[in-house]
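Student: Could you take me through the salt bridges here, one pair at a time? I'd also like to know what else the side chains are up to around the rest of the fold.

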Amino acid sequence: MEGSERRYVDNTIQFPSAGLIIRQKEPKNLEAPFDRIDSYLTPTELFYIRSHFPIPALDRAAYQLRIDGAVRRPFTLSYDELRNMPSETRVATLECAGNSRVFLVPQVQGAQWELGAVSNAEWTGVPLRALLDRAELSEDACEIVLEGADRGTPKEEPIPPEPISYVWGVPRAKAIQPEVLIAYQMNGRDLPRDHGFPARAIVPGHYGMASVKWLTGIHAVREPFHGYWQTSDYAYWASMDGKPVRRPLGEMQIKSEIARPRVYETLAPNQIYTVSGAAWTGETDVTEIAVSTDGGRTWAQAEFLDPVRRHAWRRWTFDWLTPKEPGQYTLLARAKDADGLIQPDKHDQNYGTYVINHPLPIDVFVDGSGGPRP
C-alpha cells in the first residue's frame, strides 16, 4: 500500500502511515496494532490514543497549571517553570479500562477495543508529590482531583445537564507515591497533542483514566470526590454491608495478552511457531506466565523477555510445535503475580464493560495446504 490508501479490517479503518486502528474518529480513539509491537517501549506513533472530548488547543506560552484546594500555599506554574523543576523519568504501562471489550459476549456498548488499548512508554516529568509538598498539602486532604482542559458533554447516560471537563480523583495515598508524575515528555520528546501536551498526569499502576491529559488543575479535597466519571462511567459494583455500592475503578488487574499469532491466523502443521505477548498488573509484579494451546485444558510455562519492573509490562514468548492435524485451535495466556494471584477464568460482571482481564481466546487455523499466511 502506498500514500494514504486505506485498508478495512473488521469494519475498522486502518491507516498504514500511522499504523493505528480507528475505533472512533471524534473524539479521537485509536488502537495500537498489538501484533506489530515488538519493542519494550511502544513507539510514540503507535501508542494508543484515548480521548473523551475533542483535543483542546493549549498554547505553551500561555499554559498555566494551578495547584489549590486543601493546601496552605496554592500556586500556579507556567510551562517553563514546570520544566525547570527537578524531574524524574519512569517507564509505565497504561491500559484503557475498556481494553479487550470486543471479547465480551454478548457484545456491549462502548468502543470496541481489541488487544491494543494498552501501551508502554517512558515518561519524564515532576513528581506530583513535589508539587503537593510545595503547596503544603493539608493533613485532612483525602484525594487529589486532576482536571484536564478537554471539555464536552458525555454521550452515555446519565448525561450531565451541562458540558463538563474530564476530571479524575486520585486517592491521597497513591498521589503522594514517588512514581506519580506530572509529565511533559514521552519517550524522550515533548508530549504530542494527542497524548496531553503541554502536561499530563501519569499514575502508574492505575487504569489509564487516572492519567489525565491536558492537565490544568490539581485540586486537593477533604471529602471523597464523586464526579461524573467516578460514579457514572468508570465505576463498578462493590458490596458494603451486603448492599451494592458504586466504586471508582483504580488499580489495574493482572492480565496477559497474546500478540502473535493473530486471531484466525493460519499456521503450518508440525512446525515451531513462537507465540508472543505481554503481561502486566497494577501495584505488584508479574512473576509467571503460562500458555495453553488446547483451549485451557493444559498449560505450559512461557519465558519472559523482560526483567521485573514495577508498573511496566513484561513481554514473553513460548515455542509451540504446531499440531500435525489440520484444524482450529484456541490459544490462551494466563499470568500470575508475586502475591500468587492468577487471572480469573471469566469476566467479573460487577465491572460491567470494564476490567476485561480473563484469558482471551485467540483462535488460529493449522493448515498444511499452503504453509503459514496472515
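**Salt bridges and their surroundings**

Tutor: Let's start with Glu139 and Arg72, whose side chains form a salt bridge at 2.6 Å from N to O, bearing in mind that this is a predicted model. Glu139 sits in the loop between helix 2 (128-135) and strand 9 (143-152), while Arg72 is in the loop between strand 5 and strand 6 (75-78), so the bridge ties together parts that are 67 residues apart in sequence. Glu139 has 61% relative accessibility, so it counts as exposed. Arg72 is partly exposed, at 46%. Salt bridges can also share partners: Arg23, Glu31 and Glu114 are joined into one network that way.

Over the whole structure, the search turns up 19 salt bridges. Another one to click on is Lys28 with Asp194, where the closest N and O atoms are 3.2 Å apart. Here two loops are involved: Lys28 is in the one between strand 3 (21-24) and strand 4 (29-31), and Asp194 is in the one between strand 12 (189-190) and strand 13 (200-202), so this pair ties together parts 166 residues apart in sequence. Lys28 is partly exposed, with a relative accessible area of 30%.

Strand 12 comes up again with Asp190, whose side chain meets that of Arg60 in a salt bridge (3.8 Å, N to O). Asp190 lies in strand 12 and Arg60 in the loop between strand 4 and strand 5 (64-69), which makes this a link between distant parts of the chain, 130 residues apart. At 34% relative accessibility, Asp190 is partly exposed, and Arg60, at 39%, counts as partly exposed too.

Arginines turn up over aromatic rings as well. Arg334 lies over the face of Trp299, 4.0 Å from the ring centre, and Arg246 lies over the face of Trp237, at 4.8 Å from the ring centre.

That brings us to the rings themselves. There are 16 aromatic pairs in the structure. Take Phe47 and Tyr48: their ring centres are 5.5 Å apart and their planes are at 15°, so they count as stacked. Phe47 is buried, with 2% relative accessibility, and Tyr48 is buried at 6%. Trp280 and Trp313 make a tilted pair, because their planes are at 45°, with the centres 6.3 Å apart. Trp280 belongs to strand 19 (residues 272-280) and Trp313 to the loop between strand 22 (303-304) and strand 23 (314-321), so the pair ties together parts 33 residues apart in sequence. Both Trp280 and Trp313 are buried. Elsewhere, ring pairs link Phe53, Tyr166, Trp168, Tyr228, Trp229, Tyr234 and Tyr354 into a cluster.

Strand 19 also has a place in an open sheet of four strands, ordered 17-19-23-22 with antiparallel pairing. Strand 17 and strand 22 are the edges, each pairing on one side only. Strand 22 is joined to strand 23 by two bridges, and within that pairing Glu303 has Thr317 of strand 23 as its bridge partner.

Follow the chain on from strand 17 and you reach Tyr264, in the loop between strand 17 (255-260) and strand 18 (266-267). Tyr264 joins Val263 and Phe365 in making a nonpolar surface patch of about 280 Å².

Terms used:
Residues are numbered from 1 along each chain as its sequence is written. This is a predicted model: local features need pLDDT of at least 70, side-chain atom pairs count only at pLDDT 80 or more; totals for chains, interfaces and linings use all residues. Side-chain values use heavy atoms; hydrogens and water are left out. Patches are made of residues with over 30% relative accessible area and no salt bridge: like charges are joined within 9 Å, nonpolar side chains (Val, Leu, Ile, Met, Phe, Trp, Tyr) within 5 Å. Accessible areas come from the Shrake-Rupley method with a 1.4 Å probe; for residues, only the protein chains shown count as cover. A salt bridge is a side-chain nitrogen of Lys or Arg within 4 Å of a carboxyl oxygen of Asp or Glu. Rings of Phe, Tyr and Trp (its six-membered ring) pair if their centres lie within 6.5 Å; planes under 30 degrees apart count as stacked, over 60 as edge-to-face and the rest as tilted. Buried means under 20% relative accessible area, exposed over 50%, partly exposed in between (1.4 Å probe, protein chains only). A charge sits over a ring if NZ of Lys or CZ of Arg is within 6 Å of the ring centre and within 35 degrees of the ring normal. Two strands pair if DSSP finds at least two bridges between them.
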